Amino acid sequence: MSGFVHLRVHTEFSLEDSLVRIDDLVKSCKGAMMPAVAITDLGNLYGLVKFYKAAQGKGVKPVFGADLRVDDGGQVTIVTALAMNDEGYQSLIRVISRSFVDGQRDGVAIVRREWLEAHHAGLILLLGRKSAVGQMLSGSDPGLAVPALRQWMAAFDDRIYLELQRTSRPGDEAFVHAAVALATECDCPVVATNDVRFIHPEDFEAHERSEEHTSELQSQR
(Lines give C-alpha, C1' and ligand atoms only; values in the text may rest on other atoms or scores of the structure.)
Protein backbone atom coordinates (compact mmCIF):
# COMPACT_ATOMS: atom_id res chain seq x y z
CA MET A 1 0.00 0.00 0.00
CA SER A 2 1.24 3.48 -0.88
CA GLY A 3 2.08 5.71 2.07
CA PHE A 4 1.35 8.90 0.12
CA VAL A 5 -1.88 10.78 0.76
CA HIS A 6 -3.12 13.80 -1.21
CA LEU A 7 -4.14 16.56 1.21
CA ARG A 8 -5.30 19.28 -1.19
CA VAL A 9 -7.83 18.12 -3.78
CA HIS A 10 -10.48 20.32 -5.35
CA THR A 11 -13.48 18.45 -6.76
CA GLU A 12 -16.54 19.07 -8.91
CA PHE A 13 -17.73 21.32 -6.08
CA SER A 14 -14.96 23.80 -6.92
CA LEU A 15 -16.52 24.68 -10.24
CA GLU A 16 -14.02 27.39 -11.16
CA ASP A 17 -10.86 25.29 -11.20
CA SER A 18 -11.37 21.52 -10.93
CA LEU A 19 -12.29 18.65 -13.22
CA VAL A 20 -12.14 16.01 -10.45
CA ARG A 21 -15.31 14.02 -9.85
CA ILE A 22 -15.55 12.50 -6.38
CA ASP A 23 -16.41 8.97 -7.54
CA ASP A 24 -13.46 8.98 -9.94
CA LEU A 25 -11.18 10.33 -7.20
CA VAL A 26 -12.01 7.50 -4.80
CA LYS A 27 -11.60 4.88 -7.54
CA SER A 28 -8.22 6.31 -8.53
CA CYS A 29 -7.01 6.35 -4.91
CA LYS A 30 -8.13 2.76 -4.44
CA GLY A 31 -6.38 1.73 -7.65
CA ALA A 32 -3.18 3.45 -6.52
CA MET A 33 -3.51 1.81 -3.08
CA MET A 34 -3.62 5.17 -1.31
CA PRO A 35 -5.02 4.70 2.20
CA ALA A 36 -6.73 8.10 2.40
CA VAL A 37 -7.40 11.33 0.54
CA ALA A 38 -8.52 14.83 1.56
CA ILE A 39 -10.86 17.09 -0.37
CA THR A 40 -10.41 20.80 0.27
CA ASP A 41 -12.84 22.65 -1.97
CA LEU A 42 -12.49 26.41 -1.84
CA GLY A 43 -14.64 27.86 0.93
CA ASN A 44 -17.28 25.13 1.00
CA LEU A 45 -18.14 21.66 2.29
CA TYR A 46 -20.76 20.80 -0.32
CA GLY A 47 -19.04 17.60 -1.41
CA LEU A 48 -18.59 15.93 1.98
CA VAL A 49 -21.72 13.75 2.01
CA LYS A 50 -21.04 12.48 -1.50
CA PHE A 51 -17.37 11.99 -0.59
CA TYR A 52 -18.19 10.00 2.55
CA LYS A 53 -20.63 7.74 0.71
CA ALA A 54 -18.24 7.19 -2.20
CA ALA A 55 -15.41 6.17 0.15
CA GLN A 56 -17.46 3.74 2.25
CA GLY A 57 -16.24 0.19 1.85
CA LYS A 58 -13.51 1.18 -0.61
CA GLY A 59 -10.55 1.06 1.80
CA VAL A 60 -9.94 4.80 1.32
CA LYS A 61 -10.30 7.01 4.40
CA PRO A 62 -12.05 10.31 3.61
CA VAL A 63 -10.38 13.35 5.17
CA PHE A 64 -12.61 16.42 5.37
CA GLY A 65 -11.18 19.88 4.81
CA ALA A 66 -11.40 23.14 2.93
CA ASP A 67 -9.21 25.82 1.44
CA LEU A 68 -10.25 29.00 3.24
CA ARG A 69 -9.97 32.61 2.15
CA VAL A 70 -8.78 34.24 5.36
CA ASP A 71 -8.66 37.95 6.15
CA ASP A 72 -5.31 38.16 7.93
CA GLY A 73 -4.67 41.77 8.93
CA GLY A 74 -6.67 43.20 6.04
CA GLN A 75 -5.05 40.94 3.45
CA VAL A 76 -7.06 38.02 2.04
CA THR A 77 -4.90 34.91 1.88
CA ILE A 78 -5.45 31.16 1.55
CA VAL A 79 -4.96 28.52 4.24
CA THR A 80 -5.97 24.87 4.18
CA ALA A 81 -7.90 23.51 7.16
CA LEU A 82 -8.19 19.75 7.74
CA ALA A 83 -10.46 18.12 10.30
CA MET A 84 -8.63 15.70 12.59
CA ASN A 85 -11.83 14.35 14.15
CA ASP A 86 -15.52 15.14 14.71
CA GLU A 87 -14.57 18.16 16.81
CA GLY A 88 -12.55 19.51 13.90
CA TYR A 89 -15.44 18.85 11.52
CA GLN A 90 -17.73 20.90 13.78
CA SER A 91 -15.14 23.68 13.97
CA LEU A 92 -14.89 23.77 10.19
CA ILE A 93 -18.67 23.96 9.83
CA ARG A 94 -18.85 26.88 12.26
CA VAL A 95 -16.08 28.84 10.53
CA ILE A 96 -17.41 28.33 7.00
CA SER A 97 -21.02 28.99 8.01
CA ARG A 98 -19.99 32.28 9.59
CA SER A 99 -18.06 33.24 6.47
CA PHE A 100 -21.27 32.93 4.44
CA VAL A 101 -23.38 34.82 6.99
CA ASP A 102 -20.98 37.55 8.16
CA GLY A 103 -18.01 37.46 5.79
CA GLN A 104 -19.48 38.10 2.35
CA ARG A 105 -17.56 40.52 0.13
CA ASP A 106 -18.76 40.95 -3.44
CA GLY A 107 -20.33 37.50 -3.30
CA VAL A 108 -17.20 35.82 -1.88
CA ALA A 109 -17.25 34.22 1.58
CA ILE A 110 -14.22 35.24 3.64
CA VAL A 111 -13.15 33.94 7.05
CA ARG A 112 -11.74 36.37 9.58
CA ARG A 113 -8.63 35.11 11.29
CA GLU A 114 -10.14 35.63 14.74
CA TRP A 115 -13.02 33.29 13.86
CA LEU A 116 -10.57 30.59 12.88
CA GLU A 117 -8.58 31.05 16.06
CA ALA A 118 -11.77 30.95 18.14
CA HIS A 119 -12.91 27.67 16.51
CA HIS A 120 -9.59 25.88 16.09
CA ALA A 121 -10.30 22.73 18.10
CA GLY A 122 -9.61 19.59 16.08
CA LEU A 123 -8.25 21.46 13.07
CA ILE A 124 -4.88 21.17 11.33
CA LEU A 125 -3.74 24.15 9.26
CA LEU A 126 -1.46 23.99 6.22
CA LEU A 127 0.31 27.24 5.32
CA GLY A 128 1.64 27.45 1.78
CA ARG A 129 2.76 30.12 -0.67
CA LYS A 130 -0.68 31.74 -0.76
CA SER A 131 -0.90 32.10 3.02
CA ALA A 132 0.18 35.31 4.74
CA VAL A 133 3.27 33.51 6.05
CA GLY A 134 4.08 32.24 2.56
CA GLN A 135 3.70 35.67 1.01
CA MET A 136 5.95 37.22 3.66
CA LEU A 137 8.51 34.50 3.04
CA SER A 138 8.47 35.27 -0.68
CA GLY A 139 8.45 39.04 -0.18
CA SER A 140 11.10 41.68 0.24
CA ASP A 141 11.45 41.11 4.01
CA PRO A 142 11.19 37.34 4.67
CA GLY A 143 12.14 37.91 8.33
CA LEU A 144 8.54 39.01 8.91
CA ALA A 145 7.47 35.39 8.36
CA VAL A 146 9.08 34.29 11.64
CA PRO A 147 6.79 36.17 14.06
CA ALA A 148 3.80 35.55 11.78
CA LEU A 149 4.35 31.78 11.84
CA ARG A 150 4.93 31.80 15.59
CA GLN A 151 1.60 33.56 16.11
CA TRP A 152 -0.19 30.81 14.20
CA MET A 153 1.71 28.12 16.09
CA ALA A 154 0.77 29.71 19.44
CA ALA A 155 -2.91 29.56 18.48
CA PHE A 156 -2.86 26.05 17.04
CA ASP A 157 -0.22 24.35 19.23
CA ASP A 158 1.39 21.57 17.17
CA ARG A 159 -1.25 21.61 14.42
CA ILE A 160 0.44 24.00 11.97
CA TYR A 161 2.39 22.69 8.96
CA LEU A 162 4.30 24.56 6.28
CA GLU A 163 3.52 23.30 2.78
CA LEU A 164 6.25 22.36 0.33
CA GLN A 165 5.42 21.96 -3.36
CA ARG A 166 7.62 20.98 -6.28
CA THR A 167 5.48 21.26 -9.40
CA SER A 168 7.89 23.16 -11.69
CA ARG A 169 6.06 26.43 -11.11
CA PRO A 170 8.19 29.59 -11.09
CA GLY A 171 9.56 30.20 -7.61
CA ASP A 172 8.86 26.72 -6.26
CA GLU A 173 12.45 25.82 -5.45
CA ALA A 174 13.26 29.14 -3.82
CA PHE A 175 10.15 28.88 -1.68
CA VAL A 176 10.90 25.30 -0.64
CA HIS A 177 14.38 26.25 0.57
CA ALA A 178 13.08 29.33 2.39
CA ALA A 179 10.21 27.38 3.97
CA VAL A 180 12.52 24.62 5.20
CA ALA A 181 14.80 27.24 6.78
CA LEU A 182 11.79 28.92 8.42
CA ALA A 183 10.46 25.58 9.66
CA THR A 184 13.85 24.77 11.18
CA GLU A 185 14.07 28.14 12.92
CA CYS A 186 10.55 27.92 14.34
CA ASP A 187 10.53 24.15 14.94
CA CYS A 188 7.49 23.79 12.69
CA PRO A 189 6.77 20.56 10.79
CA VAL A 190 6.49 20.54 6.99
CA VAL A 191 4.33 18.54 4.60
CA ALA A 192 4.60 17.90 0.85
CA THR A 193 1.42 18.74 -1.07
CA ASN A 194 0.12 19.42 -4.55
CA ASP A 195 -2.91 21.35 -5.78
CA VAL A 196 -4.85 18.51 -7.40
CA ARG A 197 -7.34 19.78 -10.00
CA PHE A 198 -7.48 16.82 -12.41
CA ILE A 199 -6.69 13.11 -12.18
CA HIS A 200 -5.19 12.00 -15.49
CA PRO A 201 -2.31 13.71 -17.37
CA GLU A 202 -4.43 13.92 -20.50
CA ASP A 203 -6.90 16.14 -18.58
CA PHE A 204 -4.33 18.95 -18.31
CA GLU A 205 -5.29 20.77 -21.51
CA ALA A 206 -9.00 20.67 -20.69
CA HIS A 207 -8.26 22.03 -17.23
CA GLU A 208 -6.17 24.89 -18.62
CA ARG A 209 -8.89 25.84 -21.12
CA SER A 210 -11.47 25.78 -18.32
CA GLU A 211 -9.34 28.07 -16.13
CA GLU A 212 -8.77 30.49 -19.00
CA HIS A 213 -12.52 30.65 -19.64
CA THR A 214 -13.21 31.27 -15.95
CA SER A 215 -10.62 34.06 -15.85
CA GLU A 216 -12.22 35.71 -18.87
CA LEU A 217 -15.66 35.60 -17.25
CA GLN A 218 -14.31 37.06 -14.01
CA SER A 219 -12.59 39.90 -15.86
CA GLN A 220 -15.91 40.80 -17.51
CA ARG A 221 -17.73 41.21 -14.19
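A nonpolar core is a set of buried Ala, Val, Leu, Ile, Met, Phe, Trp, Tyr and Cys residues joined through side-chain atoms within 4.5 Å. Keep that in mind for the exercises below, and remember that this is a predicted model.

**Exercise 1. Get your bearings**

Task: Find how many helices and strands the chain has, and what percentage of its residues count as buried.

Solution: Start with the secondary structure: there are eight helices and 10 strands. Next, take burial: 44% of the 221 residues count as buried. Finish with the contacts. Take those between residues at least 6 apart in sequence, and 72% of them turn out to join residues at least 24 apart.

**Exercise 2. Pick apart the core**

Task: Work out which residues of the largest nonpolar core touch the most other members, and which helix supplies its largest share.

Solution: The largest core holds 51 residues, and the ones touching the most other members are L68, L116, V133, L149, I160 and L182. Helix α6, residues 145-156, gives the largest share of this core, with eight residues. Now zoom in on V133. Leave out anything up to four places away in sequence, and V133 touches L127, A145, A148, L149, W152, L162 and L182. Another core lies apart from the largest one; this other core has six residues, including A36, A38, L126 and V191.

**Exercise 3. Two helices crossing**

Task: Describe how α6 and α7 are placed relative to each other, and say which residues meet.

Solution: First, the geometry. The axes of α6 and α7 (residues 172-186) come within 10 Å, crossing at roughly 60°. That angle falls in neither the 65 to 115 degree range for roughly perpendicular nor the range under 35 degrees for roughly parallel, so α6 and α7 are oblique to each other. As for handedness, the crossing of α6 and α7 is right-handed.

Then go to the residues. On the α6 side you'll find A145, V146, L149, R150 and M153, and they meet L182, E185 and C186 of α7. Sorted by class, this contact has six nonpolar residues, two charged ones and no polar ones.

**Exercise 4. R150 up close**

Task: Decide whether R150 is buried, exposed or partly exposed, and list what R150 touches.

Solution: R150 is in helix α6. Its relative accessibility is 44%, between the 20% and 50% cut-offs, so R150 counts as partly exposed. Outside its neighbours up to four places away in sequence, R150 touches E185 and C186. For a distance check, try V133: R150 and V133 are 17 residues apart along the chain, and their C-alpha atoms are separated by 9.8 Å.

**Exercise 5. A loop residue and its partners**

Task: Locate I199 and find which residues it touches.

Solution: I199 sits in the loop between β10 (190-192) and α8 (204-219). With 29% relative accessibility, I199 counts as partly exposed. Setting aside residues up to four places away in sequence, I199 touches V20, D24, L25 and S28. Take L25 from that list: L25 and I199 are 174 residues apart in sequence, yet 7.3 Å apart in space, C-alpha to C-alpha.

**Exercise 6. Phi with a plus sign**

Task: Say where D157 and D187 lie and what their phi values are near.

Solution: Begin with the background: most residues other than glycine have a negative phi. D157, in the loop between α6 and β9 (160-164), has a positive phi, near 55°. D187 also has a positive phi near 55°, and D187 is in the loop between α7 and β10. As a last step, check accessibility: D187 counts as exposed, at 67%.

Definitions and conventions. Residues numbered from 1 in each chain as written. Predicted model: local features only at pLDDT ≥ 70, side-chain atom pairs only at ≥ 80, totals over all residues. Heavy atoms only, no water. Buried < 20%, exposed > 50% of the residue type's maximum accessible area, 1.4 Å probe, protein only. Helix = DSSP H or I, 4+ residues; strand = E, 2+ residues; numbered from the N terminus. Contact = heavy atoms within 4.5 Å. Axes fitted to C-alpha atoms, helices over the stretch in contact; angles between N-to-C directions. Parallel < 35°, antiparallel > 145°, perpendicular 65-115°, else oblique. Left-handed = near helix turned anticlockwise from the far one by under 90°. Nonpolar A, V, L, I, M, F, W, Y, C, P; charged D, E, K, R; others polar.
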